[in-house]
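Hi,

Here is the structure I promised to pass on. Have a look at it first, and then read my notes underneath.

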Amino acid sequence: MDYGNIGKLQYKIDPLSNCYVCISHYLDKNKYPSLMIDGKMKRASRYVYELYSGEIPKGFVIRHTCDNPSCINPDHLLVGTHADNVADKVSRDRCAKLENNGRHKLTIEQVKTIYFSDNSQTNLAKEYKVTRRVIYDIINKNTWKSITKDFPVINRTKHYGRLFGDKNVNNKLDEKNILEIYLSKEKSKFLAEKYNISISTINDIRNRRTWKWLTNKI
Ligand SMILES: [Zn+2]
């Protein structure tokens, strides 16, 4: 653990977050370390901000980008309004609520893992002890959007037909059908009628635009 000091404050550096956690001063009732300056109690974060960046405009507060009230790393301190602070808290509470919501039974980390997983929805559902619908909604960004909204869209064609396929043309076909279509010498129109699906679905299979994971093996 590395230690340092800023003025009268001593801190230890959290190697994971790079937070400078103040260890020399008591915390006030809101869990902010505070020190006596000119006979008045002052939050350490304000003291440090003023040392590094100058005076804090009247009515403004110091915000922590790291969400750690004990942190006095000048790089983690921003000046903002009280409204900003409230907005930060609301967004944090919302995340915490999502994470603690018993209906989901999943943590944010698990949601991220599920989103990027290459495993089938069935296996993921089993692994995390949730329904396949929960998995489906996560990877399609129907739920947990606050976590996944900026994640890249992942091509999951290979899992669609097996699950909520009633929303997807592939559902009507099983793997055997797909192979028959792929290997067939018949015209697409004939196959479309035979399997009661659209010609474009047939062509997508034949051209390996869909079900590629299956037909690639041939
Ligand atoms: Zn910090």
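Let me start with the contacts along the chain: of those with a separation of 6 or more, 41% are between residues 24 or more positions apart. Please keep in mind that this is a predicted model. The chain has 218 residues, and buried ones make up 22% of them. By way of secondary structure, there are 11 helices and seven strands.

**The sheet at the start of the chain**

Three strands come together here as an open sheet, in the order β1-β2-β3, with antiparallel pairing. The edges are taken by β1 (2-6) and β3 (20-22); each has a single partner strand, so one side of each has no neighbour in the sheet. From one strand to the next, the twist averages 40°. As a reminder, strands of a sheet pair through backbone hydrogen bonds, either parallel or antiparallel.

Going through the pairs, β1 and β2 run antiparallel and are joined by five bridges. One of the pairings to look for is Ile 6 with its bridge partner Leu 9 in β2. These two strands make a hairpin with two residues between them, and Gly 7, in the turn, has a positive phi of about 55°. On the other side, β2 (residues 9-13) is joined to β3 by three bridges, again running antiparallel. There, Tyr 11 has Cys 22 in β3 as its bridge partner.

How many of the five residues of β1 are buried? The number is zero, so β1 lies largely in the open.

Ile 13 is worth a click as well. This residue lies in strand β2 and is partly exposed, because 15 other C-beta atoms lie within 10 Å, while a buried residue would need 20 or more. Leaving out residues up to four places away in sequence, Ile 13 touches Met 1, Asp 2, Gly 4, Asn 18 and Tyr 20. Met 1 is 12 residues away from Ile 13 along the chain, and their C-alpha atoms are separated by 6.5 Å.

**Two helices with a buried side**

Next, try looking down the axis of α4 (residues 121-128). The buried residues of this helix are Gln 121, Leu 124 and Tyr 128. They fall within an arc of 60° when seen down the axis, so they line one face of α4. Just after the helix, Lys 129 takes a positive phi of about 55°.

Towards the end of the chain, α10 (residues 199-206) can be read in a similar way. Its buried residues are Thr 201, Ile 202 and Ile 205. Why are they on the same side of α10? Because the arc they cover around the axis is only 100°. What do these buried residues pack against? Their partners are α8 (175-183) and α9 (188-195). Just after α10 comes Arg 208, with a positive phi of about 60°.

**How α8 meets α10**

The axes of α8 and α10 are 9 Å apart, and the two helices pack at an angle of about 80°. Angles of 65 to 115 degrees count as roughly perpendicular, so that is how α8 and α10 are placed relative to each other. On the α8 side, the residues that meet α10 are Ile 178, Ile 181 and Tyr 182; on the α10 side, they are Ile 202, Ile 205 and Arg 206. Sorted by class, this contact has five nonpolar residues, no polar ones and one charged. Ile 202 and Ile 205 also appear among the buried residues of α10.

**Two more positive phi values**

Finally, two loop residues that are not glycines. Asp 67 has a positive phi of about 65° and lies in the loop between β6 (61-64) and β7 (77-80). Trp 211, with a positive phi of about 55°, lies in the loop between α10 and α11 (212-215).

Is each of these buried or partly exposed? Asp 67 counts as partly exposed, because 13 C-beta neighbours lie inside 10 Å. For Trp 211 the number is 24, so that residue counts as buried.

That's what I have for you. Shout if anything is unclear.

Cheers

Technical notes. Residues are numbered from 1 along each chain as its sequence is written. This is a predicted model: local features need pLDDT of at least 70, side-chain atom pairs count only at pLDDT 80 or more; totals for chains, interfaces and linings use all residues. Two strands pair if DSSP finds at least two bridges between them. Helices (H or I, at least four residues) and strands (E, at least two) are DSSP runs, numbered from the N terminus. Axes are lines fitted to C-alpha atoms, for helices over the stretch in contact, and angles run from 0 to 180 degrees between N-to-C directions. A residue is buried if 20 or more other C-beta atoms lie within 10 Å of its own, exposed if 12 or fewer, and partly exposed in between; C-beta atoms are placed from the backbone. The arc is that of the directions from the helix axis to the C-beta atoms. Two residues are in contact if their C-beta atoms, placed from the backbone, lie within 7 Å. Angles under 35 degrees count as roughly parallel, over 145 as roughly antiparallel, 65 to 115 as roughly perpendicular and the rest as oblique. Ala, Val, Leu, Ile, Met, Phe, Trp, Tyr, Cys and Pro count as nonpolar, Asp, Glu, Lys and Arg as charged, and the others, Gly among them, as polar.
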